[in-house]
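Here are a few friendly notes to read with the model open beside you. Take them one point at a time, and find each part in the picture before moving on.

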Amino acid sequence: MRKFFTALIVVALLCGVCVSAEVVPDSDAHSVIGGLYSLVASLAMKGDSSPNVNDIRGYFANVPQDWKNLVRFERVNNEIWVGVSVGKYSQARHYLRSHAEELGITDSPGGNAWMGEDFAWIKAGDVVKGKFKPTTLKAAQGSGSDSGVIFLNAPGHDSWWQASPSFTRKAAQSLLKAYGVKQPGLHKPVVQPVQAVSIYESVKPSEVRKPDDIHTSRKRNFMESFDMDMGDVIFRPIPNTSRIR
């Protein structure tokens with residue numbers, strides 16, 4: 001009996017270790033949500049209660065030139081919030097509307113669940129006795145050919161998000177040392193090319209054919225002697241009457 005229960009415990013532990021990883025196949029969603037988590041992770045490494053963009057820029061590689069206009073920091077009382085721009089035509093908008101509440105993503109620092117604002121926000125941590133205490137995060141390396149990619153996860157959620165922008169090698173090592181876990185099966189989403197469709201393929205003319213019920217008739221009564229039949233339509237010309245003088 002003891003061996004049976006021991007086997008059950010081992011199986012349970014193995015199942016706990018082999019939790020399947022979910023990577024949403026929407027690259028735009030990774031740019032936004034992975035961007036938010038990346039900002040939280042960078043602040044956790046920086047440990048600054050008054051963060052700004054220039055302080056954390058060095059943690060990232062291949063940063064866009066207009067990056068400082070795409071990210072924001074906000075301190076509300078003793079809370080630190082980070083924001084990432086959501087493009088007007090970004091495909092991430094649909095995913096955010098469906099999952100913002102469960103992910104804690106809001107339309108403003110401390111606001112309501114995101115529904116369509118220009119920036120998406122998430123709480124990065126609290127300021128306790130003058131020191132920054134970040135929210136809990138997990139970090140993991142990608143699998144196989146994506147081993148150089150860092151993925152981030154908030155405890156309590158199954159989804160993993162690709163860091164955006166990517167971390168430098170030094171920052172990635174520091175992040176994995178502090179928050180790293182082993183999570184197999186992580187691969188960055190594949191960007192699907194948009195197939196152009198010709199208007200002639202998407203819009204086709206309807207088939208033109210003769211109506212099922214079309215006929216002519218030669219039968220007339222006395223009152224219809226001056227009528228002209230054309231199928232089911234009867235034309236009655238104006239009679240030629242003499243003017244009254």
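**Notes on the sheet, the chain and the pocket**

1. Let us start with a small sheet. In this predicted model, three strands make an open sheet, ordered β5-β6-β7, with antiparallel pairing. Why is one side of β5 and of β7 left without a neighbour in the sheet? These two strands stand at the edges and each has a single partner strand, so nothing in the sheet flanks the other side.

2. Now look at how the strands are joined. Strand β5 covers residues 138–141, and its antiparallel pairing with β6 runs over four bridges. On the other side, β6 is linked to strand β7, residues 161–162, by two bridges, again in the antiparallel sense.

3. One residue is a handy landmark here: L152. Its bridge partner in β5 is A139, while its bridge partner in β7 is W161. If you find L152 in the picture, you can trace the sheet outwards from there to A139 and to W161.

4. Stay with β6 for a moment, which spans residues 150–153. Which of its residues point one way, and which the other way? I150 and L152 point one way, whereas F151 and N153 point the other. Are these residues buried or exposed? All of them are buried, where buried means under 20% relative accessible area.

5. Next, step back to the whole chain. It has 245 residues, and 31% of them are buried. Its secondary structure consists of six helices and nine strands. Among contacts with a separation of 6 or more, 60% are between residues 24 or more positions apart. The accessible surface is about 17200 Å², and carbon and sulfur atoms account for 53% of that.

6. Finally, have a look at the largest pocket. Rolling a probe the size of a water molecule over the atoms shows where empty space is left. The largest pocket holds about 260 Å³ of space. Its lining has 16 residues, and S31, L70, V84, S85 and S164 are the ones nearest its centre.

7. Which element gives the largest share of this lining? That is α2, with five residues. Both α2 (27–46) and β2 (79–85) supply at least two residues each. Sorted by class, the lining has eight nonpolar residues, seven polar and one charged.

Conventions. Residues numbered from 1 in each chain as written. Predicted model: local features only at pLDDT ≥ 70, side-chain atom pairs only at ≥ 80, totals over all residues. Heavy atoms only, no water. Buried < 20%, exposed > 50% of the residue type's maximum accessible area, 1.4 Å probe, protein only. Contact = heavy atoms within 4.5 Å. Areas by Shrake-Rupley, 256 points an atom, 1.4 Å probe, with all protein chains shown as cover. Pairing = 2+ DSSP bridges. 1 Å grid on protein atoms, 1.4 Å probe; cavity = no way out; pocket = protein on both sides within 12 Å on 5 of 7 lines; lining within 4 Å. Points joined across faces, edges and corners; volume = space filled by probe spheres on them. Nonpolar A, V, L, I, M, F, W, Y, C, P; charged D, E, K, R; others polar.
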